[in-house]
Amino acid sequence: MEDEPIIVAFCCHYCAYAAADLAGTLRIAYPANVRVLRLPCTGKIEVDYLLAAFERGVDGVIVAGCLEGGCHFQEGNLRARRRVERAQQILGEIGIEPERLEMFNLSSAEGARFAEIVTLMSKRIAKLGPSPLRLCREHVERSIRDMNDEAQRAVAGEKR
Amino acid sequence: MIVADRKKVPEIRDMVKKHDRVLLVGCGTCVTVCLAGGERETGILGSALRMALKLIGRGEVVVDECTIERQCEDAFIDILASRVAEYDAICSLGCGAGVQALAERFPNTPVYPGLNTQFIGILESQGVWTEKCAGCGACRLGEFAGICPLTRCAKRLLNGPCGGSREGICEVREDLDCAWQLIYDRAKALGILDSFETEAPTQDWSTSLDGGPRKVIREDQCIAGVCSKTPAKSLG
């Protein structure tokens, strides 16, 4: 249990978050080690959000945004992709496997796809092993709750 | 503006790893605009540096961040003065001037550069900056239709193109427009091609980088007594 990977999924309110909800409604099982954080758009993601997640000890990060061309804010998901790529490059620079972080695109109707993404990342992270920065589970879970609070404030439109 | 880019994290990590408390200092001016050392980049480096230190077993090193409006002016550096005493070292995300201004202001604290200062340039397109000025100290842009051959010609030729210009492209770098082609085209469009008929004087290199740092002194602006330190090589 302690060694089980912890994955954070930054999910867009308009697609991936609804897809996760749909996966639940459809009773599609997916690994329970993913923690879903709802954002108003993946364009809200900054490189430092992603690095902060790894710094706080999570093993893997999913960024899940709308299909390309389908962003509610026109190009938030495209910006997010480039920020994810920059974060991957920085992770590689400091010696953490960049594949612990990946961006996916899906629509709100793709509950099964959400489950598939989480399963894929969960298997990948399990194969890579715990992050070299991994802290105790309780500490990581507490940090994720803090990140979630921050994300909820973002959804509510409060400034960071 | 001054354009810089960030050093690789391992290089910065190795500079600061022997210290226990490190303050990353960003700068809110040029390096913010060129996305190298502003508040956001300082935050990103802080996070990356903490992780990098932890990975080599130095996770106990405290890395804090702050960004001041301008690192190259003492009035802004003053804001830091009360905090610096809490740290063993500073890593500056300012340009070379910023690093040295911090080093002068805090003589007992090691100051390390987090950036490689590159050049004086402009934003060419989003995410692309290009060198435009070599700071030679004797500007002759008026003679060259507003295009600096010293900076933009790969061979720094001041007396016309070399034989390697091919259809407006430099022979040294395929991604480089021939500066002299640009000068010719612009001079032609401006109707000042005849200016090239007159003999141009050689460049006055005495104003450039040799003989120590250059100074610009405005006597009318100096506070009495300060200008008496006028060096041998003063400009203006």
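A crossing of two helices is right-handed if the near helix is turned clockwise from the far one by less than a right angle. The tour uses that term at two stops. The model is predicted.

**Chain B as a whole**

Select chain B and show it as a cartoon. Eight helices and nine strands make up its secondary structure. Along the principal axes, its C-alpha atoms fill a box of roughly 65 × 50 × 25 Å. Chain B has a radius of gyration of 22 Å, whereas a compact globule of 236 residues would be near 18 Å. Colour by accessibility next: 39% of the 236 residues of chain B count as buried. Among the contacts in chain B with a separation of 6 or more, 57% are between residues 24 or more positions apart.

**Helix H3 of chain B against helix H3 of chain A**

Now select residues 39-55 of chain B, which form helix H3, and residues 76-94 of chain A, which form helix H3 of that chain. The two axes come within 9 Å and cross at roughly 35°. H3(A) passes H3(B) in a right-handed crossing. To see the contact, show side chains for A:Arg86, A:Ile90, A:Leu91 and A:Ile94 on H3(A), and for B:Glu41, B:Ile44, B:Ala48, B:Met51, B:Ala52 and B:Leu55 on H3(B). By class, these residues are eight nonpolar, no polar and two charged.

**Helix H2 of chain A**

Keep H3(B) and add residues 47-55 of chain A, helix H2. H2(A) and H3(B) pack at an angle of about 20°, and their axes are 9 Å apart. H2(A) is therefore roughly parallel to H3(B). The crossing of this pair is left-handed. From H2(A), the contact takes in A:Val47, A:Asp48, A:Leu51, A:Ala52, A:Phe54 and A:Glu55; from H3(B), it takes in B:Ile44, B:Ser47, B:Ala48, B:Arg50 and B:Met51. Seven of the residues in this contact are nonpolar, one is polar and three are charged.

**Helix H1 of chain B**

Hide chain A and select residues 9-16 of chain B, helix H1. The axes of H1(B) and H3(B) come within 10 Å and cross at roughly 65°, so H1(B) is roughly perpendicular to H3(B). This crossing is right-handed. On H1(B), pick B:Val9, B:Ile12, B:Arg13 and B:Val16; on H3(B), pick B:Leu45, B:Ala48, B:Leu49, B:Ala52 and B:Leu53. The contact of H1(B) with H3(B) has eight nonpolar residues, no polar ones and one charged.

**B:Leu55**

Bring chain A back and centre on B:Leu55, a residue of helix H3 of chain B. B:Leu55 counts as partly exposed because its relative accessibility is 27%, which falls between the cut-offs of 20% for buried and 50% for exposed. Which residues is B:Leu55 in contact with, leaving aside its neighbours within four places in sequence? They are A:Ile94, A:Gly95, A:Ile96, A:Pro132 and A:Leu133.

**B:Thr202**

For the last stop, select B:Thr202. This residue lies in the loop between helix H8 (179-190) and strand S8 (215-216) of chain B. B:Thr202 counts as exposed because its relative accessibility is 74%, and the cut-off for exposed is over 50%. Then draw a distance from the C-alpha atom of B:Thr202 to that of B:Cys72: the two are 130 residues apart along the chain and separated by 33 Å.

How values were computed:
Residues numbered from 1 in each chain as written. Chains lettered and ligands numbered in written order. Predicted model: local features only at pLDDT ≥ 70, side-chain atom pairs only at ≥ 80, totals over all residues. Heavy atoms only, no water. Axes fitted to C-alpha atoms, helices over the stretch in contact; angles between N-to-C directions. Helix = DSSP H or I, 4+ residues; strand = E, 2+ residues; numbered from the N terminus. Parallel < 35°, antiparallel > 145°, perpendicular 65-115°, else oblique. Contact = heavy atoms within 4.5 Å. Nonpolar A, V, L, I, M, F, W, Y, C, P; charged D, E, K, R; others polar. Rg over C-alpha atoms; globule rule 2.2 N^0.38 Å. Buried < 20%, exposed > 50% of the residue type's maximum accessible area, 1.4 Å probe, protein only.
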